[in-house]
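Reader: I've got this model open on my screen and I'd like a close look at one part of it, the sheet and whatever packs around it. Could you walk me through that, and then follow the side-chain contacts outward from there?

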Amino acid sequence: MTTFIAVLYIISFALFIYGLMGLTGPRTAVRGNWIAAVGMGIAVIATLLTPGMTNWLLIALGVGIGVAVGVPSARKVKMTAMPQMVALFNGVGGGAVALIAWVEFRSTDGYAHEPLYVVIASLFAAIVGSISFWGSNIAFGKLQELISGRPISLGKLQQPLNALVLVAAVVLAVVIALGGDAELLMIGLLVAAAVLGVVVVLPIGGADMPVVISLLNALTGLSAAAMGLALDNTALIVAGMIVGASGSILTNLMAKAMNRSIPAIVAGGFGGGSAVTSGKSGEVRPVRSTSASDTAIQMAYANQVVVVPGYGMAVAQAQHVVREMAKLLEAKGITVAYAIHPVAGRMPGHMNVLLAEADVPYEQLKEMDEINSEFAQTDVALVIGANDVTNPAAETDPGSPIYGMPILKVNHSRSVIVLKRSMSSGFAGIDNELFYDAKTSMLFGDAKTSVGEIVEELKAL
(Lines give C-alpha, C1' and ligand atoms only; values in the text may rest on other atoms or scores of the structure.)
Protein backbone atom coordinates (compact mmCIF):
# COMPACT_ATOMS: atom_id res chain seq x y z
CA MET A 1 0.00 0.00 0.00
CA THR A 2 2.86 2.38 0.82
CA THR A 3 4.37 1.86 -2.64
CA PHE A 4 0.99 2.31 -4.29
CA ILE A 5 0.42 5.61 -2.43
CA ALA A 6 3.88 6.82 -3.46
CA VAL A 7 3.11 6.04 -7.12
CA LEU A 8 -0.18 7.95 -6.89
CA TYR A 9 1.66 10.96 -5.46
CA ILE A 10 4.23 10.86 -8.28
CA ILE A 11 1.43 10.76 -10.87
CA SER A 12 -0.33 13.70 -9.18
CA PHE A 13 2.89 15.76 -9.12
CA ALA A 14 3.45 15.14 -12.81
CA LEU A 15 -0.11 16.28 -13.53
CA PHE A 16 0.40 19.40 -11.37
CA ILE A 17 3.44 20.43 -13.38
CA TYR A 18 1.95 19.49 -16.75
CA GLY A 19 -1.24 21.39 -15.89
CA LEU A 20 0.78 24.42 -14.83
CA MET A 21 2.53 24.42 -18.20
CA GLY A 22 -0.89 24.67 -19.84
CA LEU A 23 -1.66 27.87 -17.96
CA THR A 24 0.92 29.78 -19.99
CA GLY A 25 -1.64 30.60 -22.71
CA PRO A 26 -5.39 31.12 -23.02
CA ARG A 27 -5.78 28.31 -25.57
CA THR A 28 -4.41 25.65 -23.22
CA ALA A 29 -5.39 27.21 -19.88
CA VAL A 30 -8.72 25.37 -19.47
CA ARG A 31 -7.15 22.04 -20.30
CA GLY A 32 -4.24 22.76 -17.96
CA ASN A 33 -6.65 23.60 -15.17
CA TRP A 34 -8.50 20.31 -15.63
CA ILE A 35 -5.26 18.33 -15.72
CA ALA A 36 -4.06 19.93 -12.47
CA ALA A 37 -7.48 19.31 -10.91
CA VAL A 38 -7.23 15.61 -11.78
CA GLY A 39 -3.79 15.60 -10.19
CA MET A 40 -5.20 17.10 -7.02
CA GLY A 41 -7.99 14.52 -7.01
CA ILE A 42 -5.43 11.72 -7.22
CA ALA A 43 -3.42 13.31 -4.39
CA VAL A 44 -6.53 13.46 -2.20
CA ILE A 45 -7.30 9.79 -2.89
CA ALA A 46 -3.70 8.85 -2.04
CA THR A 47 -3.95 10.76 1.25
CA LEU A 48 -7.22 9.06 2.16
CA LEU A 49 -5.58 5.66 1.57
CA THR A 50 -2.86 6.43 4.11
CA PRO A 51 -2.87 3.82 6.91
CA GLY A 52 -4.41 5.10 10.13
CA MET A 53 -6.82 7.46 8.39
CA THR A 54 -9.98 7.62 10.54
CA ASN A 55 -12.99 9.87 11.18
CA TRP A 56 -14.47 9.11 7.76
CA LEU A 57 -17.73 10.77 8.75
CA LEU A 58 -15.99 14.06 9.53
CA ILE A 59 -13.96 13.83 6.33
CA ALA A 60 -17.09 13.24 4.25
CA LEU A 61 -18.84 16.10 6.06
CA GLY A 62 -15.94 18.46 5.35
CA VAL A 63 -15.80 17.48 1.68
CA GLY A 64 -19.55 17.91 1.38
CA ILE A 65 -19.51 21.38 2.92
CA GLY A 66 -16.61 22.40 0.69
CA VAL A 67 -18.36 21.22 -2.45
CA ALA A 68 -21.66 22.83 -1.42
CA VAL A 69 -19.98 26.19 -0.85
CA GLY A 70 -17.21 26.17 -3.45
CA VAL A 71 -18.91 24.93 -6.61
CA PRO A 72 -21.88 27.37 -6.64
CA SER A 73 -19.59 30.25 -5.66
CA ALA A 74 -17.16 29.53 -8.48
CA ARG A 75 -19.92 29.03 -11.06
CA LYS A 76 -21.83 32.20 -10.19
CA VAL A 77 -18.94 34.62 -9.67
CA LYS A 78 -18.64 37.34 -12.31
CA MET A 79 -15.33 37.98 -14.02
CA THR A 80 -15.22 41.41 -12.39
CA ALA A 81 -15.34 39.73 -8.98
CA MET A 82 -12.79 37.03 -9.80
CA PRO A 83 -9.94 38.83 -7.95
CA GLN A 84 -12.06 38.86 -4.78
CA MET A 85 -12.79 35.16 -5.24
CA VAL A 86 -9.09 34.40 -5.72
CA ALA A 87 -8.23 36.34 -2.55
CA LEU A 88 -10.96 34.57 -0.57
CA PHE A 89 -10.12 31.04 -1.75
CA ASN A 90 -6.42 31.68 -1.21
CA GLY A 91 -7.14 32.89 2.32
CA VAL A 92 -9.14 29.74 3.07
CA GLY A 93 -6.07 27.69 2.16
CA GLY A 94 -3.90 29.64 4.59
CA GLY A 95 -6.53 29.34 7.29
CA ALA A 96 -6.71 25.58 6.80
CA VAL A 97 -2.94 25.31 7.25
CA ALA A 98 -3.07 27.36 10.46
CA LEU A 99 -5.82 25.14 11.87
CA ILE A 100 -3.88 21.98 10.97
CA ALA A 101 -0.87 23.37 12.84
CA TRP A 102 -3.10 23.98 15.87
CA VAL A 103 -4.47 20.42 15.70
CA GLU A 104 -0.92 19.07 15.42
CA PHE A 105 0.05 21.05 18.53
CA ARG A 106 -2.86 19.59 20.49
CA SER A 107 -2.47 16.00 19.26
CA THR A 108 1.25 15.88 20.19
CA ASP A 109 0.84 17.51 23.65
CA GLY A 110 2.60 20.69 22.59
CA TYR A 111 5.01 18.94 20.17
CA ALA A 112 6.34 16.74 22.96
CA HIS A 113 8.94 14.26 21.63
CA GLU A 114 8.66 15.73 18.13
CA PRO A 115 11.90 16.46 16.19
CA LEU A 116 12.92 20.11 16.18
CA TYR A 117 12.50 20.45 12.42
CA VAL A 118 8.87 19.33 12.74
CA VAL A 119 8.24 21.90 15.49
CA ILE A 120 9.84 24.73 13.49
CA ALA A 121 8.01 23.81 10.28
CA SER A 122 4.64 23.56 12.06
CA LEU A 123 5.05 26.88 13.87
CA PHE A 124 6.16 28.59 10.66
CA ALA A 125 3.09 27.20 8.92
CA ALA A 126 0.87 28.43 11.76
CA ILE A 127 2.22 31.99 11.58
CA VAL A 128 2.32 32.33 7.80
CA GLY A 129 -1.00 30.55 7.29
CA SER A 130 -2.76 32.83 9.77
CA ILE A 131 -1.20 35.93 8.19
CA SER A 132 -2.35 34.77 4.76
CA PHE A 133 -5.90 34.00 5.93
CA TRP A 134 -6.55 37.32 7.64
CA GLY A 135 -4.58 39.37 5.11
CA SER A 136 -6.54 37.77 2.25
CA ASN A 137 -9.81 38.58 3.98
CA ILE A 138 -8.79 42.24 4.23
CA ALA A 139 -7.80 42.18 0.54
CA PHE A 140 -11.20 40.67 -0.26
CA GLY A 141 -12.93 43.39 1.75
CA LYS A 142 -11.04 46.13 -0.10
CA LEU A 143 -11.71 44.65 -3.54
CA GLN A 144 -15.38 44.07 -2.69
CA GLU A 145 -15.52 47.66 -1.38
CA LEU A 146 -16.66 46.46 2.06
CA ILE A 147 -13.57 48.29 3.31
CA SER A 148 -12.25 51.53 1.87
CA GLY A 149 -9.71 51.02 -0.89
CA ARG A 150 -7.69 53.89 0.54
CA PRO A 151 -4.65 53.09 2.70
CA ILE A 152 -5.79 52.79 6.33
CA SER A 153 -2.83 53.29 8.64
CA LEU A 154 -1.64 54.79 11.91
CA GLY A 155 0.94 56.96 10.18
CA LYS A 156 4.34 56.85 11.86
CA LEU A 157 3.08 54.32 14.40
CA GLN A 158 2.21 51.76 11.71
CA GLN A 159 5.64 50.21 11.23
CA PRO A 160 6.43 49.99 14.97
CA LEU A 161 3.05 48.28 15.45
CA ASN A 162 3.80 45.80 12.65
CA ALA A 163 7.21 45.05 14.17
CA LEU A 164 5.73 44.65 17.67
CA VAL A 165 3.10 42.15 16.52
CA LEU A 166 5.66 40.19 14.48
CA VAL A 167 8.03 40.01 17.47
CA ALA A 168 5.15 38.81 19.67
CA ALA A 169 4.36 35.98 17.24
CA VAL A 170 8.03 34.95 16.96
CA VAL A 171 8.55 35.06 20.77
CA LEU A 172 5.51 32.84 21.33
CA ALA A 173 6.83 30.43 18.68
CA VAL A 174 10.23 30.28 20.43
CA VAL A 175 8.60 29.63 23.81
CA ILE A 176 6.56 26.77 22.29
CA ALA A 177 9.65 25.34 20.56
CA LEU A 178 11.53 25.39 23.88
CA GLY A 179 8.87 23.22 25.49
CA GLY A 180 5.90 25.43 26.28
CA ASP A 181 2.82 23.25 25.99
CA ALA A 182 0.07 25.58 27.28
CA GLU A 183 -2.61 25.84 24.62
CA LEU A 184 -2.94 29.56 25.29
CA LEU A 185 0.55 29.98 23.83
CA MET A 186 -0.58 28.52 20.51
CA ILE A 187 -3.79 30.51 20.53
CA GLY A 188 -1.78 33.66 21.28
CA LEU A 189 0.56 32.88 18.36
CA LEU A 190 -2.34 32.46 15.95
CA VAL A 191 -3.99 35.66 17.19
CA ALA A 192 -0.74 37.65 16.90
CA ALA A 193 -0.23 36.37 13.34
CA ALA A 194 -3.86 37.24 12.53
CA VAL A 195 -3.39 40.79 13.80
CA LEU A 196 -0.19 41.03 11.74
CA GLY A 197 -2.05 39.98 8.58
CA VAL A 198 -4.70 42.65 9.20
CA VAL A 199 -2.37 45.53 10.09
CA VAL A 200 -0.03 44.79 7.17
CA VAL A 201 -2.72 44.74 4.46
CA LEU A 202 -4.95 47.57 5.75
CA PRO A 203 -2.37 50.31 4.92
CA ILE A 204 -2.01 49.01 1.35
CA GLY A 205 -4.10 50.92 -1.18
CA GLY A 206 -6.08 49.71 -4.15
CA ALA A 207 -3.28 50.41 -6.64
CA ASP A 208 -1.13 47.71 -5.07
CA MET A 209 -3.85 45.06 -4.69
CA PRO A 210 -2.72 42.92 -7.69
CA VAL A 211 0.71 42.52 -6.07
CA VAL A 212 -0.79 41.86 -2.63
CA ILE A 213 -3.01 39.06 -3.97
CA SER A 214 -0.01 37.41 -5.62
CA LEU A 215 2.14 37.80 -2.47
CA LEU A 216 -0.50 36.30 -0.18
CA ASN A 217 -0.91 33.43 -2.64
CA ALA A 218 2.81 32.73 -2.39
CA LEU A 219 2.65 32.83 1.41
CA THR A 220 -0.17 30.28 1.44
CA GLY A 221 1.91 27.97 -0.72
CA LEU A 222 4.94 28.28 1.56
CA SER A 223 2.85 27.61 4.67
CA ALA A 224 1.35 24.51 3.03
CA ALA A 225 4.83 23.24 2.11
CA ALA A 226 6.04 23.78 5.67
CA MET A 227 3.02 21.93 7.05
CA GLY A 228 3.70 19.11 4.61
CA LEU A 229 7.22 18.87 6.01
CA ALA A 230 5.86 18.70 9.56
CA LEU A 231 3.30 16.02 8.65
CA ASP A 232 5.65 14.14 6.30
CA ASN A 233 3.09 14.60 3.52
CA THR A 234 4.78 14.67 0.13
CA ALA A 235 1.74 16.05 -1.67
CA LEU A 236 1.57 19.13 0.57
CA ILE A 237 5.30 19.75 0.19
CA VAL A 238 5.32 19.57 -3.61
CA ALA A 239 2.04 21.40 -4.21
CA GLY A 240 2.93 24.06 -1.63
CA MET A 241 6.36 24.67 -3.17
CA ILE A 242 4.86 24.95 -6.67
CA VAL A 243 2.38 27.55 -5.45
CA GLY A 244 4.98 29.33 -3.32
CA ALA A 245 7.59 29.46 -6.07
CA SER A 246 5.24 30.52 -8.87
CA GLY A 247 3.53 33.05 -6.59
CA SER A 248 6.88 34.55 -5.59
CA ILE A 249 8.01 34.86 -9.21
CA LEU A 250 4.71 36.46 -10.20
CA THR A 251 4.85 38.87 -7.25
CA ASN A 252 8.30 40.00 -8.31
CA LEU A 253 7.19 40.48 -11.93
CA MET A 254 4.13 42.46 -10.86
CA ALA A 255 6.17 44.69 -8.58
CA LYS A 256 8.61 45.40 -11.41
CA ALA A 257 5.68 46.23 -13.71
CA MET A 258 4.69 48.93 -11.22
CA ASN A 259 8.29 50.02 -10.58
CA ARG A 260 7.76 49.41 -6.87
CA SER A 261 9.70 47.19 -4.50
CA ILE A 262 7.87 44.51 -2.54
CA PRO A 263 9.08 45.94 0.82
CA ALA A 264 7.72 49.35 -0.21
CA ILE A 265 4.35 47.82 -1.02
CA VAL A 266 4.19 45.90 2.27
CA ALA A 267 5.29 49.00 4.16
CA GLY A 268 2.20 50.82 2.90
CA GLY A 269 0.79 51.20 -0.60
CA PHE A 270 -1.05 54.03 -2.26
CA GLY A 271 -4.28 54.52 -4.09
CA GLY A 272 -7.89 53.56 -3.77
CA GLY A 273 -9.44 56.98 -3.54
CA SER A 274 -11.90 58.47 -5.97
CA ALA A 275 -11.66 62.17 -5.14
CA VAL A 276 -9.03 63.91 -7.24
CA THR A 277 -8.15 67.39 -8.36
CA SER A 278 -7.75 68.15 -12.03
CA GLY A 279 -4.58 70.06 -12.45
CA LYS A 280 -2.28 71.98 -10.17
CA SER A 281 -3.78 74.09 -7.42
CA GLY A 282 -7.15 72.52 -8.23
CA GLU A 283 -7.77 74.44 -11.45
CA VAL A 284 -10.28 72.87 -13.78
CA ARG A 285 -8.82 71.90 -17.14
CA PRO A 286 -10.95 71.40 -20.23
CA VAL A 287 -11.36 68.03 -21.90
CA ARG A 288 -12.65 67.31 -25.39
CA SER A 289 -15.74 65.11 -25.72
CA THR A 290 -16.65 63.02 -28.72
CA SER A 291 -19.52 60.84 -29.91
CA ALA A 292 -19.92 57.23 -31.02
CA SER A 293 -20.48 58.46 -34.59
CA ASP A 294 -17.23 60.45 -34.70
CA THR A 295 -15.34 57.60 -33.07
CA ALA A 296 -16.61 55.13 -35.68
CA ILE A 297 -15.60 57.44 -38.52
CA GLN A 298 -12.11 57.91 -37.08
CA MET A 299 -11.54 54.18 -36.75
CA ALA A 300 -13.10 53.37 -40.13
CA TYR A 301 -10.45 55.47 -41.88
CA ALA A 302 -7.56 54.19 -39.78
CA ASN A 303 -4.88 51.71 -40.78
CA GLN A 304 -4.26 50.43 -37.26
CA VAL A 305 -6.40 50.53 -34.12
CA VAL A 306 -5.11 49.46 -30.71
CA VAL A 307 -7.63 48.63 -28.00
CA VAL A 308 -6.40 49.24 -24.44
CA PRO A 309 -8.66 47.35 -21.99
CA GLY A 310 -8.91 48.12 -18.29
CA TYR A 311 -11.08 47.42 -15.28
CA GLY A 312 -13.83 49.62 -16.72
CA MET A 313 -14.25 47.13 -19.55
CA ALA A 314 -14.53 44.32 -17.02
CA VAL A 315 -17.15 46.15 -14.96
CA ALA A 316 -19.25 46.85 -18.06
CA GLN A 317 -18.76 43.29 -19.37
CA ALA A 318 -17.96 44.88 -22.72
CA GLN A 319 -15.46 42.30 -24.01
CA HIS A 320 -17.91 40.58 -26.37
CA VAL A 321 -19.12 43.78 -28.03
CA VAL A 322 -15.48 44.94 -28.27
CA ARG A 323 -14.74 41.73 -30.18
CA GLU A 324 -17.70 42.43 -32.47
CA MET A 325 -16.35 45.93 -33.13
CA ALA A 326 -12.91 44.51 -33.92
CA LYS A 327 -14.38 42.08 -36.46
CA LEU A 328 -16.10 44.94 -38.28
CA LEU A 329 -12.84 46.89 -38.41
CA GLU A 330 -10.90 43.85 -39.63
CA ALA A 331 -13.50 43.34 -42.37
CA LYS A 332 -12.58 46.83 -43.59
CA GLY A 333 -8.90 45.85 -43.76
CA ILE A 334 -7.93 47.63 -40.52
CA THR A 335 -5.32 46.03 -38.26
CA VAL A 336 -6.59 45.58 -34.67
CA ALA A 337 -4.44 44.76 -31.65
CA TYR A 338 -4.99 44.73 -27.89
CA ALA A 339 -2.45 46.33 -25.54
CA ILE A 340 -2.17 44.44 -22.24
CA HIS A 341 -0.47 46.00 -19.23
CA PRO A 342 0.76 43.50 -16.59
CA VAL A 343 -1.31 45.12 -13.84
CA ALA A 344 -4.39 46.15 -15.82
CA GLY A 345 -7.48 45.15 -13.88
CA ARG A 346 -7.38 43.83 -10.33
CA MET A 347 -5.24 40.76 -10.64
CA PRO A 348 -2.54 39.35 -12.93
CA GLY A 349 -3.92 38.24 -16.30
CA HIS A 350 -7.36 39.75 -15.69
CA MET A 351 -7.61 41.32 -19.15
CA ASN A 352 -6.22 38.24 -20.91
CA VAL A 353 -8.94 36.07 -19.37
CA LEU A 354 -11.70 38.52 -20.27
CA LEU A 355 -10.60 38.80 -23.89
CA ALA A 356 -10.06 35.05 -24.22
CA GLU A 357 -13.63 34.62 -23.00
CA ALA A 358 -14.73 36.72 -26.00
CA ASP A 359 -12.66 34.55 -28.40
CA VAL A 360 -10.13 37.29 -29.17
CA PRO A 361 -7.25 35.63 -31.08
CA TYR A 362 -4.26 35.18 -28.80
CA GLU A 363 -1.96 36.63 -31.48
CA GLN A 364 -3.73 39.99 -31.17
CA LEU A 365 -2.93 40.30 -27.46
CA LYS A 366 0.24 42.36 -27.20
CA GLU A 367 2.22 42.70 -23.98
CA MET A 368 3.41 46.17 -22.94
CA ASP A 369 7.00 45.81 -24.13
CA GLU A 370 5.83 44.57 -27.53
CA ILE A 371 3.08 47.11 -28.21
CA ASN A 372 4.74 50.30 -26.94
CA SER A 373 6.92 50.56 -30.03
CA GLU A 374 3.82 50.35 -32.24
CA PHE A 375 1.87 53.25 -30.77
CA ALA A 376 3.76 55.78 -32.90
CA GLN A 377 2.33 54.05 -36.00
CA THR A 378 -1.16 53.66 -34.47
CA ASP A 379 -3.91 55.85 -35.88
CA VAL A 380 -6.40 55.37 -33.04
CA ALA A 381 -5.80 54.08 -29.51
CA LEU A 382 -9.15 53.15 -27.94
CA VAL A 383 -8.76 53.15 -24.15
CA ILE A 384 -11.65 51.30 -22.48
CA GLY A 385 -11.64 51.89 -18.74
CA ALA A 386 -7.86 51.79 -18.29
CA ASN A 387 -6.50 54.62 -16.17
CA ASP A 388 -3.23 54.53 -14.22
CA VAL A 389 -1.53 52.22 -16.74
CA THR A 390 -1.90 54.89 -19.46
CA ASN A 391 -1.02 57.96 -17.36
CA PRO A 392 1.87 59.93 -18.95
CA ALA A 393 2.65 61.41 -15.51
CA ALA A 394 4.52 58.17 -14.84
CA GLU A 395 7.12 59.41 -17.34
CA THR A 396 6.89 63.20 -17.08
CA ASP A 397 6.09 64.13 -13.47
CA PRO A 398 8.78 63.29 -10.87
CA GLY A 399 6.35 64.32 -8.14
CA SER A 400 3.74 61.77 -9.14
CA PRO A 401 3.37 58.69 -6.89
CA ILE A 402 3.46 56.49 -10.01
CA TYR A 403 6.55 58.18 -11.47
CA GLY A 404 8.80 55.54 -13.01
CA MET A 405 6.03 52.96 -13.44
CA PRO A 406 6.16 51.44 -16.95
CA ILE A 407 3.00 52.44 -18.83
CA LEU A 408 1.29 51.82 -22.15
CA LYS A 409 2.42 54.80 -24.24
CA VAL A 410 -0.93 55.50 -25.85
CA ASN A 411 -0.13 59.21 -25.87
CA HIS A 412 2.29 58.48 -28.74
CA SER A 413 -0.64 57.49 -30.97
CA ARG A 414 -1.97 59.90 -33.58
CA SER A 415 -5.34 59.96 -31.82
CA VAL A 416 -6.60 58.69 -28.46
CA ILE A 417 -10.22 58.00 -27.54
CA VAL A 418 -10.96 57.23 -23.88
CA LEU A 419 -14.18 55.47 -22.87
CA LYS A 420 -15.10 56.24 -19.25
CA ARG A 421 -18.18 56.85 -17.15
CA SER A 422 -16.68 59.99 -15.60
CA MET A 423 -13.44 61.83 -14.90
CA SER A 424 -12.83 59.82 -11.70
CA SER A 425 -9.36 58.55 -10.94
CA GLY A 426 -8.06 54.99 -11.06
CA PHE A 427 -6.75 52.79 -8.27
CA ALA A 428 -3.83 55.11 -7.60
CA GLY A 429 -6.25 57.94 -6.75
CA ILE A 430 -4.51 60.48 -8.98
CA ASP A 431 -5.48 62.46 -12.07
CA ASN A 432 -4.67 61.05 -15.50
CA GLU A 433 -2.79 63.57 -17.64
CA LEU A 434 -3.81 61.66 -20.77
CA PHE A 435 -7.36 62.99 -20.48
CA TYR A 436 -6.14 66.57 -21.08
CA ASP A 437 -3.85 65.78 -24.02
CA ALA A 438 -4.75 67.68 -27.21
CA LYS A 439 -4.94 64.36 -29.10
CA THR A 440 -7.39 62.82 -26.62
CA SER A 441 -11.19 62.73 -26.90
CA MET A 442 -13.46 61.45 -24.12
CA LEU A 443 -16.49 59.28 -24.87
CA PHE A 444 -18.45 59.29 -21.62
CA GLY A 445 -20.88 56.53 -20.66
CA ASP A 446 -21.09 52.82 -19.92
CA ALA A 447 -18.38 51.06 -21.93
CA LYS A 448 -20.66 48.30 -23.23
CA THR A 449 -23.29 50.79 -24.34
CA SER A 450 -20.74 53.12 -25.94
CA VAL A 451 -19.01 50.34 -27.89
CA GLY A 452 -22.42 49.01 -28.94
CA GLU A 453 -23.24 52.40 -30.41
CA ILE A 454 -19.87 52.46 -32.19
CA VAL A 455 -20.69 49.03 -33.66
CA GLU A 456 -24.00 50.29 -35.04
CA GLU A 457 -22.27 53.32 -36.57
CA LEU A 458 -19.61 51.11 -38.17
CA LYS A 459 -22.32 48.92 -39.70
CA ALA A 460 -23.92 52.00 -41.22
CA LEU A 461 -20.70 53.24 -42.83
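Author: Happy to. Let's begin with helix 1, because Tyr9 and Phe13 sit 4 residues apart in that helix (residues 2-22), which puts about one helical turn between them. Keep in mind throughout that this is a predicted model. Tyr9 and Phe13 form a stacked aromatic pair, with 6.0 Å from centre to centre and 0 degrees between the planes. Both Tyr9 and Phe13 are buried. Phe13 also pairs with Phe16, and that pair is tilted: 6.4 Å centre to centre, with 40 degrees between the planes. Here the spacing is 3 residues in helix 1, so again about one helical turn separates Phe13 from Phe16. Phe16 is buried, as is Phe13. Put together, Tyr9, Phe13 and Phe16 make one aromatic cluster. The structure holds 4 aromatic pairs.

Now to the sheet you asked about. It's an open sheet of 6 strands, in the order 3-2-1-4-5-6, and the pairing is parallel. Strand 3 (365-367) and strand 6 (440-444) are the edge strands, each pairing on one side only. From one strand to the next, the twist averages 25 degrees.

Take the strand 3 edge. Strand 2 (residues 335-340) pairs with strand 3 in the parallel sense over 3 bridges. If you want a residue to click on, Ala339 has Lys366 in strand 3 as its bridge partner. Over at the other edge, strand 5 and strand 6 are parallel too, and they pair over 5 bridges. There you'll find Lys420 standing opposite Phe444 in strand 6. Strand 6 is an edge strand, yet it is mostly covered, with 4 of its 5 residues buried.

Next, the helices lying across the strands. Helix 13 (residues 319-331) lies across strand 1 (304-309), strand 2 and strand 4, and runs at about 145 degrees to strand 2. Helix 14 (residues 350-357) lies across strand 1, strand 2 and strand 3, and it also runs at about 145 degrees to strand 2.

The sheet feeds into the nonpolar packing as well. The largest nonpolar core has 42 residues, and the members that touch the most others are Val308, Phe375, Val383, Leu408 and Val410. Helix 5 (116-143), helix 8 (209-231), helix 9 (234-257), strand 1, strand 2, helix 15, strand 4 and strand 5 each supply at least two residues of this core. Helix 8 gives the most, with 5 residues. Val410 is a good place to zoom in: setting aside neighbours within four places in sequence, Val410 is in contact with Val308, Phe375, Ala381, Val383, Thr390, Val416 and Leu434. Apart from this core lies another one, of 40 residues, with Met313, Val322, Ile340 and Leu365 among them.

Then there are the charged contacts. Side chains of opposite charge can pair when their charged atoms come close. The structure holds 8 salt bridges, and a couple of them involve loops beside the strands.

One of them joins the side chains of Asp379 and Arg414, at 3.0 Å from N to O. Asp379 lies in the loop between helix 15 (368-371) and strand 4 (380-384), while Arg414 lies in the loop between helix 16 (393-396) and strand 5 (416-420), so the pair ties together parts that are 35 residues apart in sequence. Asp379 counts as buried, at 17% relative accessibility.

Another has Lys409 and Glu395 meeting at 3.5 Å, N to O. Lys409 is in the loop between helix 16 and strand 5 and Glu395 is in helix 16, so this pair, 14 residues apart, links distant parts of the chain. Both ends are partly exposed: Lys409 has a relative accessible area of 25%, and Glu395 comes in at 34%.

Away from the sheet, Arg106 and Glu183 form a salt bridge of 3.3 Å, N to O. Arg106 belongs to helix 4 (residues 82-107) and Glu183 to helix 7 (residues 183-201), so the contact ties together parts 77 residues apart in sequence. Arg106 is exposed, with a relative accessible area of 53%, whereas Glu183 is partly exposed, at 30%. Finally, Glu324, Glu456 and Lys459 are linked in a network of salt bridges.

Definitions and conventions. Residues numbered from 1 in each chain as written. Predicted model: local features only at pLDDT ≥ 70, side-chain atom pairs only at ≥ 80, totals over all residues. Heavy atoms only, no water. Phe/Tyr/Trp six-rings, centres within 6.5 Å; stacked < 30°, edge-to-face > 60°. Buried < 20%, exposed > 50% of the residue type's maximum accessible area, 1.4 Å probe, protein only. Salt bridge = Lys/Arg side-chain N within 4 Å of Asp/Glu carboxyl O. Pairing = 2+ DSSP bridges. Axes fitted to C-alpha atoms, helices over the stretch in contact; angles between N-to-C directions. Contact = heavy atoms within 4.5 Å. Core = buried A, V, L, I, M, F, W, Y, C linked by side-chain atoms within 4.5 Å.
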